[in-house]
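Have your viewer ready and your selection tool to hand. We will go from stop to stop, and at each one you will hear what to select and what is there.

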Amino acid sequence: MVMSKNPKSKQRKPRSPLLLLSVAMVAIGLVWVFFSSSISVIRFSSYSASEGEMEGSSGLESKYLYWGNRIDCPGKHCDSCEGLGHQESSLRCALEEALFLKRVFVMPSRMCINPLHNKKGILHHLTNVSSQERWAASSCTMDSLYDMNLISKTIPVILDNSKMWYRVVSTSMKLGNRGVAQMEGTSRTDLRDSNLYSNVLLINRTANPLSWFMECKDRTNHSSVMLPYSFLPTSAAPTLRDAARKIMDLLGDYDSIHVRRGDKMKTRKDRFGVYRTLHPHLDRDTRPEFIQLRIAKWIPPGRTIFIASNERTPGFFSPLSARYKVVSSSDYSSILDPVIENNYQLFMVERLILGGARTFIKTFKEFEGDLSLTDDPKKNTKNWQIPVYTMEGV
């Protein structure tokens, strides 16, 4: 067994990666028996190992990377989860490591859905159930969100409920120190360059105590960014891409606006009882009258505008109809209702529609060249300020 050394690990209660992997293997074995008639074996020859590379000839054609069966777990989000965007950041980082190491990535078969970001029927108020049961009821299958075949054209992936993953786990337990390496505190460069790790069948990263996002939080090092932000959004499941395509065909030549309100307008009282917020101009800048002022220089009157928003007030954007033809996903329920089961799927469809517009205006400016409704920074500055509703600065 190959183990990485981390002097800080003595300061906290050690985990048992072997126990975790053994439990995973038993669970996967049960799933494999149940689904054996319907799940096909997936092989990837693009990253094949030479015949002499593995002691004992495992018979497997690739090497594998496993980060765990839940995105951002270990970490503080094991019993809950963050929103889709946060989880995609974590998933993209893990995929980048697999791409860097030229390994097949073992994709979690389900994604947790944050209740704050879902109003559809997949979530239920459960009582007297275990955290495992509650998590399962508050999640959806990964292949209902993403196209695994499309992702695999860039980074080969298998799901952690597939027969192939069961075979990988079973084989790794038989190969001794050439079978599995439990990794903690080891850089991806060391994993690639050291013979101690590079020829191991399975690299298991579940020993890391931090959530995936924290393990990959240094996004300022551009040399480590191998996948663009658009990679996962454009790898949406075929049914979602098809729904987006049908709606875009009906829209024709259109513009789009993403209006994020709700969670970003959180306020709290200071010690004097005054309400403060992290985005002082956001509530003002995302109201229809201010949106109309802001977009006038980019979108001429009479244009069709597709609006995607987490604003729940009915008719909130109706005032914009005086100058534009305003539409939203609710206008295409005949297309969306048969395929949408949760708000993550809905947002993925909306995201494709937003990106297909002639002019796309975001809520926050994220990249140079973006058009945005507000000049407030999206990043959490931890600077709580009094909300601004005047015309000052408009």
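The tour begins with the whole chain and then moves to helices, a strand, aromatic rings and some backbone details.

**The whole chain**

Keep in mind that this is a predicted model. Show it as a cartoon to begin with: the protein has 13 helices and 15 strands. Colour by burial next, and 47% of the 394 residues count as buried. Switch on a surface, and about 20,500 Å² is exposed, with carbon and sulfur atoms supplying 53% of that area. How many of the contacts between residues at least 6 apart in sequence join residues at least 24 apart? The figure is 77%.

**Helix H9**

Select residues 238-251, which make up helix H9. Its 14 residues reach 20 Å from the first C-alpha to the last, close to the 20 Å expected at 1.5 Å a residue. Now show side chains for Leu240, Ala243, Ala244, Ile247 and Leu251, the buried residues of H9. Turn the view to look down the axis of H9: these buried residues fall within an arc of 95 degrees, so they line one face of the helix.

What do the buried residues of H9 pack against? Add strand S12 (304-309), strand S13 (325-327), helix H12 (333-336) and helix H13 (343-355) to the selection, and you have the partners. Before leaving, click on Gly252 just after H9, where phi is positive at about 70 degrees.

**Helix H13**

One of those partners, H13, deserves its own stop. The end C-alpha atoms of H13 are 18 Å apart, which agrees with the 18 Å that its 13 residues should span at 1.5 Å a residue. Of these 13 residues, 11 are buried, so H13 is largely enclosed by the rest of the structure. Show the side chains of the buried set and you will find Leu346, Met348, Val349, Leu352, Ile353 and Leu354 among them. The buried set also includes Glu350 and Arg351.

**Ile307 in strand S12**

Move to another partner of H9, strand S12, and pick Ile307, which is found there. Ile307 is buried, with a relative accessible area of 5%. Which residues does Ile307 touch, leaving aside those up to four places away in sequence? Select Ile257, Val259, Phe317, Leu320, Val326, Val327 and Ser328 to see them. Then draw a distance from Ile307 to Asp255: the two are 8.8 Å apart, C-alpha to C-alpha, and 52 residues apart in sequence.

**Aromatic rings**

The structure holds 4 aromatic pairs. Start with Tyr66 and Trp165, whose ring centres are 4.7 Å apart and whose planes meet at 35 degrees, so the pair is tilted. Tyr66 lies in strand S2 (residues 64-66) and Trp165 in helix H5 (residues 163-172), so the pair ties together parts that are 99 residues apart in sequence. Tyr66 is buried at 5% relative accessible area, and Trp165 is buried at 0%.

Phe316 and Phe317 come next, an edge-to-face pair with centres 5.0 Å apart and 85 degrees between the planes. Both of these residues are buried. You have already met Phe317 as one of the residues that Ile307 touches.

Now select Trp67, Phe105 and Trp212, which form one aromatic cluster. Bring in Arg205 as well: its charged end sits over the ring of Trp67, 4.4 Å from the ring centre. For another charge over a ring, go to Arg188, whose charged end is 5.9 Å from the centre of the Phe100 ring.

**Backbone details**

A word of background for the last stop: most residues other than glycine have a negative phi, and most peptide bonds are trans.

Zoom in on the loop between S2 and helix H2 (84-101), the place of Pro74. A cis peptide bond joins Cys73 and Pro74, with omega at about 10 degrees. Asp72 is found in this loop too, and its phi is positive, near 75 degrees. Is Asp72 buried or exposed? At 1% relative accessibility, Asp72 counts as buried.

Finish at Lys102, in the loop between H2 and strand S3 (104-107). Phi of Lys102 is also positive, near 55 degrees, while the residue is exposed, with a relative accessible area of 55%.

Note on methods: Residues numbered from 1 in each chain as written. Predicted model: local features only at pLDDT ≥ 70, side-chain atom pairs only at ≥ 80, totals over all residues. Heavy atoms only, no water. Helix = DSSP H or I, 4+ residues; strand = E, 2+ residues; numbered from the N terminus. Expected span 1.5 Å × (residues − 1). Buried < 20%, exposed > 50% of the residue type's maximum accessible area, 1.4 Å probe, protein only. Arc of directions from axis to C-beta. Contact = heavy atoms within 4.5 Å. Phe/Tyr/Trp six-rings, centres within 6.5 Å; stacked < 30°, edge-to-face > 60°. Lys NZ or Arg CZ within 6 Å of the ring centre and 35° of its normal. Areas by Shrake-Rupley, 256 points an atom, 1.4 Å probe, with all protein chains shown as cover.
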